[in-house]
Amino acid sequence: KCFFEEGRALASLSHPNVVRVINFFRANDTVYLVMRYERGRTLQEHIHKKTGAIKEDWLRGTFTQLLNGLREVHTNKLLHLDIKPGNIYVRNDGNPVLIDFGAARQTLTAEGMKLPPMYTPGFASLEHHRERGKLGPWSDIYSIGASMYACLAGAGPPTAVQRMEKDKMTSARKGWAGKYSAELLDTIDWCLRLDHMERPQSVLALQKALRGETAPRFRGEAPMMDQLKSAILRLTKR
């Protein structure tokens, strides 16, 4: 029943960066969602087939567009809860689309919270694993940060539970200093804060950071050479 209602909610969404649900119906003691067919490949395939590092401009542009779709999802009181490179589809024209809402929850309703959790370790926040009452837009934002991290590392970070016990994750700032701007790396690390209150609290806040309109709230210590390279990157963009 809950899944059917979520299908109804998804069918009402019409956004170029969210997979289009054309129909939903009950049959064979289950519920079906019929979605528009898209041509392209997942971000996971893009990461694995890409030769060389993914360019910063592409990373910023792709995720800023994707966040337009996630904003629409959150506006409709839905959380995706399973964002990962395998659920981000890059169309042939380069536009990203958020797919696979099998874990989506109408978390602002009592019934939505009764459903069992579904998530992918490494891309799921701490509140995905425990204290599900704290789930919110910031939980999807953690998954966005983990997906951006995977674009750099080729794989997602350690699970949030492992990080909580002993955080061995190499921060984006430390791992890729000089290869990407300090601002982008700090933005990724900001999304991956274990405390949900220390992450961007809305998609809009994250978009502003990715567009360079605001500085990340949590910033790593930038060595002088790192600061210089970051400044050069900004100048070359101008």
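**Overall build and core of the predicted model**

Of the 238 residues in the protein, 48% are buried. The structure described here is a predicted model, and a good place to begin is with its parts. The protein contains eleven helices and five strands. Its exposed surface comes to about 12,100 Å², with carbon and sulfur atoms supplying 52% of that area. Among the contacts with a separation of 6 or more, 64% are made by residues 24 or more positions apart.

The interior comes next. In soluble globular proteins, nonpolar side chains tend to be buried together. Here, the largest nonpolar core has 50 residues, of which F63, L70, I144, L152 and I188 touch the most other members. Helix α6, spanning residues 137–153, gives the most to this core, with nine residues. One residue of the core is worth following around its surroundings: beyond the residues up to four places away in sequence, L152 touches L59, A172, W176, Y180, L185 and I188.

Helix α3 offers another view of the fold. This helix runs over residues 56–75 and has 20 residues. From its first C-alpha to its last, α3 reaches 28 Å, close to the 28 Å expected at 1.5 Å a residue. Buried positions occur from one end of the residue list to the other, with E56, L59, R60, T62, F63, T64, L66, L67, G69, L70, V73 and H74 in α3 counted as buried. Two of these, F63 and L70, were met above as core residues that touch the most other members. After α3 comes K77, whose phi is positive, near 60°.

Aromatic rings provide a closer look at side-chain packing. The structure holds two aromatic pairs. In one of them, the ring centres of F25 and Y32 are 5.3 Å apart and the planes meet at 20°, so this pair is stacked. F25 has a relative accessibility of 33%, which lies between the limits of 20% and 50% and therefore makes this residue partly exposed. Y32, with a relative accessible area of 34%, is partly exposed. The rings of Y149 and W176 have centres 5.4 Å apart and planes at 85°, so this pair is edge-to-face. Distant parts of the chain are linked by this pair, since Y149 belongs to helix α6 while W176 sits in the loop between α8 (172–175) and α9 (182–191), 27 residues apart. Y149 is buried, at a relative accessible area of 6%, and W176 is buried too, at 14%.

Cysteines can be considered in the same spirit. C151 is buried, with a relative accessible area of 6%, and C191 is buried at 0%. The number of disulfides in the model is zero.

A final stop is P16, found in the loop between α1 (2–11) and β1 (21–27). Its relative accessible area of 56% is over the 50% limit, so P16 counts as exposed. Even so, P16 has partners from elsewhere in the chain: leaving aside neighbours within four places in sequence, P16 is in contact with R91, P96 and V97. The C-alpha atom of P16 is also separated by 9.4 Å from that of Q65, although these two residues are 49 residues apart along the chain.

How values were computed: Residues are numbered from 1 along each chain as its sequence is written. This is a predicted model: local features need pLDDT of at least 70, side-chain atom pairs count only at pLDDT 80 or more; totals for chains, interfaces and linings use all residues. Side-chain values use heavy atoms; hydrogens and water are left out. A nonpolar core is a set of buried Ala, Val, Leu, Ile, Met, Phe, Trp, Tyr and Cys residues joined through side-chain atoms within 4.5 Å. Buried means under 20% relative accessible area, exposed over 50%, partly exposed in between (1.4 Å probe, protein chains only). Helices (H or I, at least four residues) and strands (E, at least two) are DSSP runs, numbered from the N terminus. Contact means heavy atoms within 4.5 Å. Accessible areas come from the Shrake-Rupley method with a 1.4 Å probe; for residues, only the protein chains shown count as cover. The expected span of a helix is 1.5 Å times one less than its number of residues. A disulfide is a pair of cysteine sulfur atoms within 2.5 Å. Rings of Phe, Tyr and Trp (its six-membered ring) pair if their centres lie within 6.5 Å; planes under 30 degrees apart count as stacked, over 60 as edge-to-face and the rest as tilted.
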